[in-house]
Each structure stands twice: as C-alpha cells, then as structure tokens.
Amino acid sequence: MNMQQHIAILGSGNIGLSLAKGLVKAGIFNPQQITLTRRNLDALADYAELGYQITNNNAKAAKKADIVILAVLPQQLNKLLDEIKPGIKSEKQLLVSVISGVSCEEIRQHLEVNVQVVRAMPNTAIAIGDSMTCIATDNGTNKNITLVRSLFDTVGVSIIINEELMTAATALCACGIAFFLRSIRAASQGGTEIGFHAHDALKMAAQTAKGAANLLLQLNSHPEQEIDKVTSPKGCTIAGLNEMEHNGFSSAMIKGIKLSAEKAGDLYKSEN
C-alpha cells in the first residue's frame, strides 16, 4: 500500500462502494485514502464514520486524487467529465472507467487531455467479492494496467482483454449475471412444480448452479465434458436436455447475449 496515493470514486453506487470496501479489506488502501462522491451524502454517512472521505463535489475529489474511478451511469458521464475537466493532470493521474459503452478515446476527447484511461467492467457479484472483471486500455502503461488489475482482484477475478471486446464483455459478464439468475429461477420453479417447497427448490437450484460453475473453474473442464458424465443412454438427463434444446434453450441464451451487446454499445452514444 502506498500511503501517499489517493483514490476518488466518482459515483459511489453499488460497484463503487463494493470496490472501496474490497480495497480496504485487502489492505491496498485505508479508508482515509479513499474519497467517495455522491449527490446524496446521507447515503454515505456510514462510510464517513468508518473513515472514508465523502463529498458531493466531484471536481474537488478528482483534483486531489492519483486514481480517479468513473462510476456513474452512461447518461451522466458527460456532465461528470465537464465538472472534473479543469483539475485533470495528464502526467499525474490515472482514470479508470467502469461505464458501459464508452471508449478510452471518447473520455480523453471530452476532457481534451491526453490522460491515461483504463476501462474495467465488473459485475454485481462485486458486492460479495466474486466479480468477473474485464480490463482494457488503449494507452495505459503495463504498470497502470497491472495496478488496475490489482484493484479489481480484491473483489473477484479479472482478465485483460482488447478494448474492442469491452462491449461484448458487458453483455457476457455484467448482463450475464441476470441471465444466469433467470436460469436458476426457472430451475427453482421447475423444482416447485415437481414437488419441492419454493425456498427449498431455490436453494437446491442455486447450489447446483454453483457446483456446476466450480466444476468448470476448478477442474479447468469444458461444459460438454461434464454433461457427458451425467448423461446415459435413454436416461432422464439427456431427455430433459433435449427437451430444453427443442424449445430453444441455447439459442435463446445466445440471442439474448447478442442483443445485450448491441444495446450496451448504444448506451452512451444514444445520449450524445
């Protein structure tokens, strides 16, 4: 931990606050080194008591920070950039954007400063330290890419990808949380229909999904390899799988991810 560095999280919603807590828990920063901004400061009162600096002045927070996290909605970004523009110093600061559909170049163009920008796309599992975060940049140094990755590794797992794939990452990982949750919900409803109480069916479905994911991650396995282990000739598993496929299960998931990717790419552009 560098006791001289300061980080400002502009737009301290769920993602920003989860990141702040992860950084402190990992010992990378202490609360006094982190400034949280939000229009409604009452929502940050508990964090102030823990030692975090809080303010509704984005310009002031950004000016004194070494690392500036942009964590507002896409439609709020231009206003935020206008606020912080006078205080951004290209040679001293690193900007990290967690905003969907906005390129590093677009941020620099709006600021009119050749500052280093790194994009990060976490998902809502960041709240429990289990995010899948994709990281990309077009002008960040290897040192700063490593730095950003170390920040987000405190709240899950991160990978480096090409920036052109960041919109796709939004669909697969950020939107993807909802897709897998809907799959679990559907499985629990099926469980209820075949005789389980709703709360038991949900727990069974969620734990089964967790186990399936861990099989792939811990064994470095492929889904079809694990599916083959549980299917047998004329068995009940293959019968259920085939019925789902006949009704478009995989096709619906693929189409949903593609449409989300298209929408994610338009979120910022539609506001300009």
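Guide: Patches are made of residues with over 30% relative accessible area and no salt bridge, and nonpolar side chains are joined within 5 Å. The model here is predicted.

Visitor: Which residues form a nonpolar patch on the surface?
Guide: Start from the loop between α8 (176-193) and α9 (198-219), where I194 is found. I194 has 67% relative accessibility, so it counts as exposed and clears the 30% cut-off for patches. The patch has about 300 Å² of accessible area together, and its members are I194, F196 and M204.

Visitor: How much area does the protein expose, and what share of it do carbon and sulfur atoms supply?
Guide: The C-alpha trace spans about 70 × 40 × 30 Å along its principal axes. The protein exposes about 15500 Å², and the share from carbon and sulfur atoms is 55%.

Visitor: How many helices and strands are there, and what part of the residues is buried?
Guide: The protein has 12 helices and eight strands. Buried takes under 20% relative accessible area. Of the 272 residues, the buried part is 39%.

Visitor: What percentage of the contacts with a separation of 6 or more joins residues 24 or more positions apart?
Guide: One long-range pair is L151 and A20, which sit 131 residues apart along the chain with their C-alpha atoms separated by 9.4 Å. Over the protein, residues 24 or more positions apart account for a share of 63%.

Visitor: How many disulfides does the count give?
Guide: A disulfide needs two cysteine sulfur atoms within 2.5 Å. The count comes to zero disulfides. C134 is in none, since the nearest cysteine sulfur, that of C173, is 4.1 Å away, over the 2.5 Å cut-off. For C175 the closest cysteine sulfur is also in C173, too far for a bond at 9.7 Å.

Visitor: Are C134 and C175 buried or exposed?
Guide: The limits are under 20% for buried and over 50% for exposed. C134 has a relative accessible area of 4%, so it is buried. C175 has 25%, which falls in between, so C175 is partly exposed.

Visitor: Which residue has a side chain in polar contact with that of T133?
Guide: T133 is found in strand β7 (residues 131-137). Its relative accessible area is 0%, so T133 is buried. The polar contact is 3.0 Å long, and the partner is S131.

Visitor: With which residues is T133 in contact, leaving aside neighbours within four places in sequence?
Guide: Contact takes heavy atoms within 4.5 Å. The list for T133 is A120, M121, P122, F152, V157, S158 and I159.

Visitor: Where is L151 found, and which residues beyond its sequence neighbours is it in contact with?
Guide: L151 is found in helix α6 (residues 142-152). L151 is buried, with a relative accessible area of 0%. Leaving aside neighbours within four places, its contacts are I7, L19, L23, I28 and F29.

Visitor: How many salt bridges are there, and which residues are linked in a network of them?
Guide: The cut-off is 4 Å between a side-chain nitrogen of Lys or Arg and a carboxyl oxygen of Asp or Glu. The count comes to five salt bridges. The network links E105, R108 and D138.

Visitor: What is the N to O distance between E112 and K85?
Guide: E112 lies in the loop between α5 (104-111) and β6 (116-121), while K85 lies in the loop between α4 (77-84) and β5 (94-97), 27 residues apart. E112 is exposed at 62% relative accessibility, whereas K85 is partly exposed at 27%. Their side chains meet in a salt bridge with an N to O distance of 2.7 Å.

Visitor: Which residue forms a salt bridge with E163?
Guide: The closest N and O atoms are 3.2 Å apart in the bridge from E163 to R119. E163 lies in the loop between β8 and α7 and its partner in strand β6, so the pair ties together parts 44 residues apart in sequence. E163 is buried at 18% relative accessibility. Its partner, buried at 5%, is R119.

Visitor: Which helix holds both E226 and K229?
Guide: Their side chains meet in a salt bridge of 3.2 Å, N to O. E226 is buried at 12% relative accessibility, but K229 is exposed at 58%. The two residues are three residues apart, about one turn of the helix, and that helix is α10.

Technical notes. Residues numbered from 1 in each chain as written. Predicted model: local features only at pLDDT ≥ 70, side-chain atom pairs only at ≥ 80, totals over all residues. Heavy atoms only, no water. Buried < 20%, exposed > 50% of the residue type's maximum accessible area, 1.4 Å probe, protein only. Patch = residues over 30% accessible without salt bridge, like charges linked within 9 Å, V, L, I, M, F, W, Y side chains within 5 Å. Areas by Shrake-Rupley, 256 points an atom, 1.4 Å probe, with all protein chains shown as cover. Helix = DSSP H or I, 4+ residues; strand = E, 2+ residues; numbered from the N terminus. Polar contact = N/O pair within 3.5 Å; in protein donor to acceptor, adjacent residues only side chain to side chain.
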